[in-house]
Amino acid sequence: MIRWYTICICILELLLTTYAFCHHFQLDDPLIQLEQDYKWINLFDFHWRLGIDGISIGPILLVGFITTLATLAARPVTRDSRLFYFLMLAMYSGQIGSFSCRDLLLFFLMWELELIPVYLLLSMWGGKKRLYSATKFILYTAGGSIFLLMGVLGMGLYGSNEPTLNFERLANQSYPLGLEILFYFGFLIAYAVKSPIIPLHTWLPDTHGEAHYSTCMLLAGILLKMGAYGLVRINMELLPRAHSIFSPWLMIIGTLQIIYAASTSLGQHNLKKKIAYSSVSHMGFTIIAIGSITDTGLNGAILQIISHGFIGAALFFLAGTSYDRIRLVYLEEMGGIAIPMPKIFTMFSSFSIASLALPGMSGFVAEFIVFFGIITSPKYLLIPKILITFVMAIAMILTPMYSLSMLRQMFYGYKKFQAPNFSFFDFGPRELFVSISIFLPVIGIGIYPDFVLSLSVDKVEAILSNYFSR
């Protein structure tokens with residue numbers, strides 16, 4: 001009963017979000033829409049202030065879609081199911097709040113609201129090393145949140161008698177360059193933990209390796225995207241001069257991240273950790289696109305956020321459902337699963353190929369637009385652009401290497417198929433429904449990416465026009 005109640009709530013939320021998007025959201029309006037503003041704490045001008053624009057509507061629809069499917073995927077959870085589903089809905093609230101708030105302190109509160117459900121979901125329903133992973137997760141993310149809070153308070157209290165936490169007012173606020181760089185760096189550390197950006201990424205493989213796969217879907221599909229969203233929403237919009245200084249470093253770090261994480265993924269034996277490092281590698285494309293400071297690059301970053309949200313969530317779902325059946329997590333112990341479980345093999349192959357950016361799927365379009373954004377960037381000279389593009393191209397060769405080697409070790413050969421006393425169960429209707437539901441948007445965006453790009457294009461132009469005018 002609790003499970004069906006939660007699923008109904010998620011479906012209702014998704015339908016409401018979709019209805020509001022279809023009937024009340026104007027695509028060609030770069031301003032904030034569907035605003036809600038209530039005074040909360042009179043003492044320091046703290047408002048419950050929400051609103052959406054072209055950058056936030058895509059991630060909000062993604063949150064609704066992935067959370068609904070993750071709740072459906074969590075059906076095998078029976079121990080303390082009431083608390084489990086409560087925490088899933090609490091995560092839903094925090095994620096929607098983070099993507100829609102228009103008040104800096106409210107953004108921080110929603111950012112923190114995310115941490116406690118993830119910690120409890122990991123420490124209570126994780127694997128053998130769940131307490132170690134949960135502690136590592138909370139230490140990293142809470143440590144990053146200290147810098148976020150310092151940046152929020154610094155920006156809110158600077159230069160006026162009354163504290164200002166409203167995004168619209170802060171967008172017109174100017175700071176001394178040194179102070180702006182300090183604020184930018186504080187926010188960047190918080191986002192570097194969440195995205196994650198190397199070298200603050202080490203919590204992610206451990207967390208993904210131990211978490212239940214429905215939690216992994218939310219982590220890979222949504223949580224990692226909050227860091228990139230914050231980088232655009234706060235650092236680019238509110239701190240443009242500092243972003244101009246830091247953007248070459250973002251390009252370098254993003255390039256190194258793609259190569260490092262793809263190489264590390266190649267050497268992983270644990271299936272979920274291999275997929276986790278691939279997520280870190282793909283987030284490098286988003287970091288580079290944000291550093292390019294072009295409308296093409298920024299649109300590519302938002303498309304990559306949406307695209308990898310689908311693909312990452314699907315891969316972790318498939319890894320989890322495979323583990324439920326064969327109880328193996330190390331790739332060298334697997335082999336020959338394709339013959340008894342053809343549906344899992346088909347879906348796993350499809351999403352692995354989507355991950356390596358096959359033309360016709362969303363990953364290819366997103367990465368191609370990111371490449372185009374770098375090449376057309378007026379900020380950088382030709383030689384650095386060629387170097388970065390060349391290194392990214394090497395990374396795109398590494399991606400098929402770890403994706404296809406993972407498929408080979410899991411599904412080909414005859415090792416498990418010949419093992420005695422093994423009974424296999426292929427996908428049931430529930431797993432097939434979840435997989436196909438995620439696969440359809442991946443194909444849809446790959447064939448017609450303008451559906452996602454049309455959401456953000458006007459807002460991106462507004463950000464960059466404000467950016468260059470300042």
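Does Thr399 count as buried or exposed, and at what relative accessibility? In the predicted model analysed here, Thr399 has a relative accessibility of 7% and therefore counts as buried, the limit for that class being under 20%. The residue is found in helix 16, which spans residues 382-411. When neighbours within four places in sequence are left aside, the contacts of Thr399 are with His282, Ser355 and Leu356.

A second buried helical position is Gly309, whose place is in helix 13, residues 295-326. Its relative accessibility is 0%, so Gly309 likewise counts as buried. Apart from neighbours within four places in sequence, Gly309 is in contact with Leu62, Ile66, Gly221, Lys225 and Gln304. Between the C-alpha atoms of Gly309 and Ser437, which stand 128 residues apart along the chain, the separation is 13 Å.

The nonpolar interior was examined next. The largest nonpolar core comprises 150 residues, and those with the most contacts inside it are Met217, Leu239, Leu271, Phe348, Phe351 and Met392. Helix 10, residues 213-238, supplies the largest share of this core, namely 17 residues. The surroundings of Phe348 illustrate how one of these residues is placed: with neighbours within four places in sequence excluded, Phe348 is in contact with Leu271, Ile275, Leu315, Leu318, Ala319 and Ser322, and also with Met406, Leu407, Met410 and Phe411. Leu271, itself listed among the core residues with the most contacts, is thus one of the contacts of Phe348.

Nonpolar side chains also appear at the surface, where Trp40, Ile41, Leu43 and Leu109 make a patch of about 420 Å². Of these, Leu43 lies in the loop that runs between strand 1 (33-41) and strand 2 (46-52). With a relative accessible area of 75%, Leu43 is exposed, because that class requires a value over 50%.

Charged pairs were then considered, and the structure was found to hold eleven salt bridges. One of them joins Arg49 to Asp37, with the closest N and O atoms 3.4 Å apart. This pair links distant parts of the chain, Arg49 being in strand 2 and Asp37 in strand 1, twelve residues apart. The two partners fall into separate accessibility classes: Arg49, at 4% relative accessibility, counts as buried, whereas Asp37, at 43%, counts as partly exposed.

Another salt bridge is formed within helix 10, where the side chains of Arg233 and Glu237 meet at an N to O distance of 2.4 Å. Both residues lie in that helix four residues apart, which corresponds to about one turn. Arg233 is buried, with a relative accessible area of 2%, and Glu237 is also buried, its relative accessible area being 11%. Glu237 in addition forms a salt bridge with Lys459, for which the closest N and O atoms are 3.7 Å apart. Here too the pair links distant parts of the chain, as Lys459 is in helix 18 (residues 450-469) and Glu237 is in helix 10, at a separation of 222 residues. Lys459 has a relative accessibility of 9% and so counts as buried. Arg233, Glu237 and Lys459, together with Asp53, are linked in a network of salt bridges.

Cysteine residues were finally inspected for covalent pairing. A disulfide is a covalent bond between the sulfur atoms of two cysteines. With the requirement that paired sulfur atoms lie within 2.5 Å, the count comes to zero disulfides. Cys10 is in no disulfide, since the nearest cysteine sulfur, that of Cys8, is 9.4 Å away and the limit is 2.5 Å. Cys22 is likewise in no disulfide, its nearest cysteine sulfur being that of Cys10, at 19 Å. Cys10, at 0% relative accessibility, counts as buried, whereas Cys22 is exposed, with a relative accessible area of 52%.

Terms used: Residues numbered from 1 in each chain as written. Predicted model: local features only at pLDDT ≥ 70, side-chain atom pairs only at ≥ 80, totals over all residues. Heavy atoms only, no water. Helix = DSSP H or I, 4+ residues; strand = E, 2+ residues; numbered from the N terminus. Buried < 20%, exposed > 50% of the residue type's maximum accessible area, 1.4 Å probe, protein only. Contact = heavy atoms within 4.5 Å. Patch = residues over 30% accessible without salt bridge, like charges linked within 9 Å, V, L, I, M, F, W, Y side chains within 5 Å. Areas by Shrake-Rupley, 256 points an atom, 1.4 Å probe, with all protein chains shown as cover. Salt bridge = Lys/Arg side-chain N within 4 Å of Asp/Glu carboxyl O. Core = buried A, V, L, I, M, F, W, Y, C linked by side-chain atoms within 4.5 Å.
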